[in-house]
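Me: I have a structure open here and would like to talk it through with you. Could you take my questions one at a time?

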Amino acid sequence: MRMSAAVIAITICLSAHGAVNYLPDRDLLWVTDYPAELPCTPGLLARVDAAFGWGKVQYDEASDTCTIGCSLWVGRNDGSDTWFQVGSPECPAETLIVRGDLRVHPTYLSTDNGEDWRRGNLSSNRLTVGVKDDPSVRARLLIDNSDRAGYVLIVGGPSGYSSESNGGELCVYHSTIAPLGEVRIGEKAAGSNSMPMGGQKLIELIDATVSDVAGLAFGRNMAAATFEGVRFERCGGAVHGTYMQTMTGCTFADCGSAIVGSSRFDIVLRDCTFVGNERNWTLLYKPLIAIDCDIDSLDKGSYSAERGTFFIAKRHVVVQVVDAQGKPVKGAEVRASTPQAPPATEHDLGQAVTDAAGRTPGRDATGALVLSEVLLRAPAEEGGDPRQIDYSYTIEVRAGDRSGRLDDFTPRESWQEVTIEVQ
């Protein structure tokens, strides 16, 4: 039987599990059936390429740099598991360069798999860059988009942006996603710049850097996402998530829109930094609660008046209680109150007890005071300034028959310390 070049795939099976296909008509390497305990790696891919003479993969062992001269796909939606690993203790500075699209294939496609498959499917297609428990592994994934062909990293559905096709996974630990050279990931010669992401099963970025992405860096329809210590630099948009909930210790620098809000959950930011962005946040459906965040300007945000979205900043505070001689008072009861009724009070804590040093709980201790600083909502009139409330607290202290208080207190710095004398 004759077959056209469009459907011929050159295949190598390295064991009972694991296959690499080269599809000449699509200039595509397709890696499938590598389970978590035996993931495919850039080095392995280079050896397969050399064995079959495709000439698509080069590996420089001196620098641990693998260059793929075509698109790369990871996994299928057939119930198999496919894991691809970049970086290891043996290759702690490994770099993968892809001159084409890198797609983590969904495990579910609405056109191929029914609803029963989506509910019962436990398979995983995962791209991992770095090693979670080994910060010494600092790997890099670089997309070579130097000819402005719009090459992207896609995780999930057929175009990367559909909840009807989902199941791709991306994990980046202590490592970097960036372009090779100065042309941003996803940038095209003429318009429609983007890096489509969506329909994911898992996104986990810890101590990672994502830089120079045209359009959105991480898109909507995330079933589960972890962002801890991530630095987003010069991205058209850093994070846009339907199911996004919490981000900790992240930095958003010089982006177009740092955050485009969730439609399912309140967004909670802890210890995050915003600097140099054109817009720090766009809240379309749900509010944003920023706890101990460093924000260059509160004026760079937008809000949906129709859905009642808002931004509120909250900060930890430490109160030191002393007597008339300046000695610490142990066991003093501290209570902070405001008549202004801030929202999202589930994140506030207005009562605490001092320790032997006369202080309420500090960093890394449970029971620390958390007070609201400022609230921003949509402007009352179209084109006007956002409505703003600055919160003012009365902090009362009682130690036996002695008492003290501080009036008109607004937290302006995280872990700000104030001293109250009891008499």
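Me: Which residues do ring pairs link into a cluster?
Reply: This is a predicted model, and in it ring pairs join Phe227, Phe232, Phe252, Phe274, Trp281 and Phe311 into a cluster.

Me: How many aromatic pairs does the structure hold?
Reply: The structure holds eight aromatic pairs. One of them is Phe227 with Phe232, which counts as tilted because the ring centres are 6.1 Å apart and the planes stand at 50°. Phe274 and Trp281 also pair, here edge-to-face, with 5.6 Å from centre to centre and 90° between the planes.

Me: Are Phe227 and Phe232 buried or exposed?
Reply: Phe227 has a relative accessibility of 1% and so counts as buried, and Phe232 is buried too, with a relative accessible area of 0%. In the edge-to-face pair, Phe274 and Trp281 are both buried as well.

Me: What does Phe232 touch?
Reply: Leaving out residues up to four places away in sequence, Phe232 touches Val210, Ala217, Phe218, Phe227, Ala238, Val239, Thr251, Phe252, Ala253 and Cys255.

Me: And in the largest nonpolar core, which residues touch the most other members?
Reply: That core has 71 residues, and the ones touching the most other members are Phe232, Met247, Phe252, Ile259 and Phe311. Its largest share, four residues, is supplied by helix α1, residues 42–52. There is also a second, separate core of 26 residues, with Val268, Val334, Leu371 and Phe409 among them.

Me: Back to α1, then: what does the helix lie across?
Reply: Helix α1 lies across β4, β5 (65–68) and β8 (95–98), and runs at about 125° to β4. Within the helix, Pro42, Gly43, Leu44, Leu45, Ala46, Val48 and Asp49 are buried. After α1 comes Gly53, which has a positive phi, near 70°.

Me: So which sheet has β4 in it, and in what order do the strands come?
Reply: It is an open sheet of ten strands with mixed pairing, in the order β4-β5-β8-β12-β16-β18-β21-β24-β27-β30. Its edge strands are β4 (57–60) and β30 (294–295), each of which pairs on one side only. Further in, strand β18 (residues 209–211) runs parallel to strand β21 (residues 231–233) and is joined to it by three bridges, with Ser211 having Glu233 as its bridge partner in β21.

Me: What about β22, which strands does it pair with?
Reply: Strand β22 (residues 237–240) pairs in the parallel sense with strand β19 (residues 216–218) over two bridges, where Phe218 has Val239 as its bridge partner. Strand β22 is also joined by three bridges to strand β25 (residues 257–260), again running parallel, and there His240 stands opposite Val260.

Me: And β29, which way do its side chains point?
Reply: In strand β29 (residues 288–291), Leu288 and Ala290 point one way while Ile289 and Ile291 point the other way, and all are buried. In a regular strand, side chains alternate between the two faces of the sheet. Four bridges join strand β26 (residues 267–270) to β29 in parallel, and four bridges likewise join β29 to strand β32 (residues 310–322), also in parallel. Leu288 stands opposite Ile267 of the one pairing and opposite Phe311 of the other.

Me: Changing topic: is Val275 buried, exposed or partly exposed, and what is it in contact with?
Reply: Val275, in strand β27 (residues 273–275), is partly exposed because its relative accessible area is 40%, which falls between the 20% and 50% cut-offs. Neighbours within four places in sequence aside, Val275 is in contact with Phe252, Ala253, Asp254 and Asp296. Although Val275 and Asp296 are 21 residues apart in sequence, their C-alpha atoms are 5.4 Å apart.

Me: How many helices and strands does the chain have, and what share of it is buried?
Reply: The chain has two helices and 39 strands, and buried residues make up 53% of its 423 residues. Of the contacts between residues at least 6 apart in sequence, 53% join residues at least 24 apart.

Me: Last one: where does pLDDT stay under 50?
Reply: It does so over residues 1–16, for which the model has 29 contacts beyond four places in sequence. Where pLDDT is low, the predicted coordinates should not be read in detail. For the chain, the mean pLDDT is 90, and 90% of the residues reach 70 or more.

Methods:
Residues are numbered from 1 along each chain as its sequence is written. This is a predicted model: local features need pLDDT of at least 70, side-chain atom pairs count only at pLDDT 80 or more; totals for chains, interfaces and linings use all residues. Side-chain values use heavy atoms; hydrogens and water are left out. A nonpolar core is a set of buried Ala, Val, Leu, Ile, Met, Phe, Trp, Tyr and Cys residues joined through side-chain atoms within 4.5 Å. Buried means under 20% relative accessible area, exposed over 50%, partly exposed in between (1.4 Å probe, protein chains only). Contact means heavy atoms within 4.5 Å. Two strands pair if DSSP finds at least two bridges between them. Axes are lines fitted to C-alpha atoms, for helices over the stretch in contact, and angles run from 0 to 180 degrees between N-to-C directions. pLDDT is the predictor's confidence in each residue, from 0 to 100. Rings of Phe, Tyr and Trp (its six-membered ring) pair if their centres lie within 6.5 Å; planes under 30 degrees apart count as stacked, over 60 as edge-to-face and the rest as tilted.
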